[in-house]
Amino acid sequence: MAIECLVLGAGQEVGKSCAVVTINGKRIMFDCGMHMGYLDHRRFPDFSLISKSADFNTAIDCIVITHFHLDHVGALPYFTEVCGYSGPIYMTYPTKALSPLMLEDYRKVMVDRRGEQELFSNDDIMKCMKKVIAVDLKQTVQVDKDLQIRAYYAGHVLGAAMFYAKVGDAAMVYTGDYNMTPDRHLGAAQIDRLQLDLLITESTYATTVRDSKYAREREFLKAVHKCVADGGKVLIPTFALGRAQELCILLDNYWERMNLKVPIYFSAGLTIQANMYYKMLISWTNQRVKETYATHNAFDFKNVRSFDRSLINAPGPCVLFATPGMISGGFSLEVFKLWAPSEMNLVTLPGYCLAGTIGHKLTTGKPTKIDLDKDIQISVRCQIHQLSFSPHTDAKGIMDLVKFLSPKHVILVHGEKPKMASLKGKIESDLGIQCYYPANNDTVCIPSTCWLKADTSKTFIRSSLNPNFKFVKTISEDKSNLVSKETEATSVLQVHDERVAEGILIVEKSKKAKVVHQNELLLMIGKDKHDVQFAYCCPVQIGNLERTKGMDFALSKNVVSTSDECSWLHLLFAKLATKLGGNIQDFGQHLQVDSIHISVCLKDICPYRTTDGPQKEPAVFFCCTWSVADVNLAWEIISIMENLDLSII
């Protein structure tokens, strides 16, 4: 059996995460995201690749959503309410609570404010969420009799989870987004050591190794403090959930320590609602937040207040968190237009920015002007800071996870192609694990584990229990440098009983698998046994006939024939025994190693002899025959024989 992974999104790009994995006949969709950088057909995954007939309920056994970010859940209402999928959907309790907030906020921005076509309605969001089955961490969920899933803590954002899936003996993990280091409100990702055929992991920061978290925090606070101290305004474009809470905790604590009175604003009422959920879901935060919850809720911000639109042009310094992140539209774009032309102001981008967004344009160069469309151009004179407060793990974290889980195969998603190629090389060279990084709409097929329970026949059991004697004749340690003495050396017979269970696995339709003896199989299929034998007549040189005193030979065209073939065999046995150890046996008329049979050839013309023309040097020919099973060993022995000289002791 094989595991197939159809990558519908986040293939060699960041955004629109969606992977459809077929594992032992079961099909799971991991994430159903949208791309924030596109407004055309590239916004959603190409669902037609799942089912040409659009019968998604038959094509997919379940959907698993890892967290509430739109690039992982943004297309879900469209897929369920417009495309018609009505099967089970699994996500954690926080993801179920927070996803509708993110989806509705996006819908309002795109439809109500920007006047774009509505892809799904508020009713669609509510109907979609009713189909969701919430799961706890480490809760094993039996989707059906064959498929089970389990969620593990991923850090990243509140409720984010890695998902383990197992069908029969094949198992895999899909990480979604995760963070291997704790921050101010979330812990590090945690997962059991599992036996995996496949790990699908994000690779956003495939080649980045971050410096100290505290150094990054100091840099951020220093930049913000300097800007407001000089009378400027600070715009922090961020999504309402996740980094917003992390940075609010950081700034709120700093404001308290420094006794600053400059206002900190949140632009969205959504964040007030989100903070309420954060207070309710304390058990999903890190240990420090949980331990201090009784005396102080980390999400009760003393210096953060709601923002009124009338304050956009108000004089004086301030700090404003505006949604959405990356300045991909909405209120953050509206504020950016007004604040960007002033040198006093600061735009700080705390995380990854997708290609196509204004945030990405600001971080990939130092533009003085940005064309919003053909009619609108924004003058950019403000300070730009990009700080790595991303909740994604870095390259070291990815390598640590891959090494810890040690899967048989790794697929990289959610990353940039050149960086993914570099990480793939590192995984394969450092860890020896086969790694792939497919593009969107590509399929990767890998082998999976399949343990099979089988019955055994009585004949097979008896053959396994019967003695399997092997008689090995070896020459004694007392060797002479004279040929005549060597030919008289005594041999020692060693007896081995190597019992080997060799059978044939039979899998008949509608019947349990069974292991039978090979003779039983012939009876079952009504066929006679056929053995394939190989043969080769091999010359062994005798460079100096004078040295072979005591041997009874006659020469015919430089080919040695003899009446005493046993002497030649014993001489060859002595030579081969030094090369092969005790594996070769001397039966008088022939030598034998497993199925390889060696005897002196006395024919002037042998059909298995390939030597063309007269033999240049005196030689003894030995006919060698063997079965298919020993073909490699046979040619190894023949190679040894062709390089021997029986006259050299």
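Q: Which residues of helix α10 are buried?
A: This is a predicted model, and in it α10 spans residues 330-339. Seven of its ten residues are buried, so the helix is largely enclosed by the rest of the structure. Going down the helix, the buried ones are Gly330, Phe331, Ser332, Leu333, Val335, Phe336 and Trp339.

Q: What is the phi of Met326?
A: Met326 sits in the loop between β15 (318-322) and α10. Met326 counts as buried because its relative accessibility is 12%, below the 20% cut-off. Its phi is positive even though it isn't a glycine, with a value near 70°.

Q: Which residues does Thr357 contact, leaving aside neighbours within four places in sequence?
A: Thr357 is in the loop between β16 (346-349) and α11 (358-363). With 2% relative accessibility, Thr357 counts as buried. Once those sequence neighbours are set aside, its contacts are Gly37, Met326 and Ser328.

Q: Is His156 buried or exposed?
A: His156 lies in the loop between β8 (147-153) and β9 (161-167). Its phi is near 65°, a positive value in a residue other than glycine. The relative accessible area of His156 is 2%, and the cut-off is 20%, so His156 is buried.

Q: How far apart are the C-alpha atoms of Ala244 and Phe266?
A: Ala244 belongs to helix α7 (residues 243-258) and counts as buried, at 0% relative accessibility. Not counting residues up to four places away in sequence, Ala244 touches Thr238, Phe239, Phe266 and Phe321. Ala244 and Phe266 are 22 residues apart along the chain, and their C-alpha atoms are separated by 9.0 Å.

Q: What arc do the buried residues of α18 cover around the axis?
A: Helix α18 (residues 631-642) has twelve residues and reaches 16 Å between its first and last C-alpha, close to the 16 Å expected at 1.5 Å a residue. Its buried residues are Ala634, Ile637, Ile638, Ile640 and Met641. They are on the same side of α18 because the arc they cover is only 160°.

Q: Which elements do the buried residues of α18 pack against?
A: One partner is a helix, α17 (565-580), which is itself mostly covered, with 13 of its 16 residues buried. The other partners are strands, so the full list reads β28 (533-541), α17 (565-580), β32 (591-593), β33 (596-600) and β34 (619-627).

Q: What span should the 16 residues of α17 have at 1.5 Å a residue?
A: The reckoning takes 1.5 Å times one less than the number of residues. The end C-alpha atoms of α17 are 22 Å apart, which agrees with an expected span of 22 Å.

Q: What phi does Gly581 take?
A: Gly581 comes just after α17. Its phi is positive, at about 70°.

Q: Which residue forms a salt bridge with Glu104?
A: Glu104 lies in helix α4 (residues 93-113), and its partner is in that helix too, three residues away, about one turn. An α-helix has 3.6 residues a turn, so residues three or four places apart point the same way. Glu104 is buried at 13% relative accessibility, as is its partner at 11%. The closest N and O atoms are 2.9 Å apart, and the partner is Arg107.

Q: What is the N to O distance in the salt bridge of Lys426 and Asp430?
A: Both residues lie in helix α13 (residues 417-431), four residues apart, about one turn of the helix. Lys426 is partly exposed at 41% relative accessibility, and Asp430 is partly exposed at 47%. Their side chains meet at 2.9 Å.

Q: How far apart are the closest N and O atoms of Asp146 and Lys145?
A: Asp146 counts as partly exposed at 32% relative accessibility, whereas Lys145 is exposed at 73%. They form a salt bridge, and the closest N and O atoms are separated by 3.3 Å.

Q: Which residues make the nonpolar surface patch of about 300 Å²?
A: One member, Leu505, lies in strand β26 (residues 504-506). Leu505 is partly exposed, with a relative accessible area of 47%, so it clears the 30% a patch residue needs. The patch is made by Leu452, Leu505 and Val507.

Q: What share of the 649 residues is buried?
A: The chain has 18 helices and 34 strands. Among contacts between residues at least 6 apart in sequence, 72% join residues at least 24 apart. The exposed area is about 30400 Å², and the buried share of the residues is 53%.

Methods. Residues numbered from 1 in each chain as written. Predicted model: local features only at pLDDT ≥ 70, side-chain atom pairs only at ≥ 80, totals over all residues. Heavy atoms only, no water. Patch = residues over 30% accessible without salt bridge, like charges linked within 9 Å, V, L, I, M, F, W, Y side chains within 5 Å. Areas by Shrake-Rupley, 256 points an atom, 1.4 Å probe, with all protein chains shown as cover. Salt bridge = Lys/Arg side-chain N within 4 Å of Asp/Glu carboxyl O. Helix = DSSP H or I, 4+ residues; strand = E, 2+ residues; numbered from the N terminus. Buried < 20%, exposed > 50% of the residue type's maximum accessible area, 1.4 Å probe, protein only. Contact = heavy atoms within 4.5 Å. Arc of directions from axis to C-beta.
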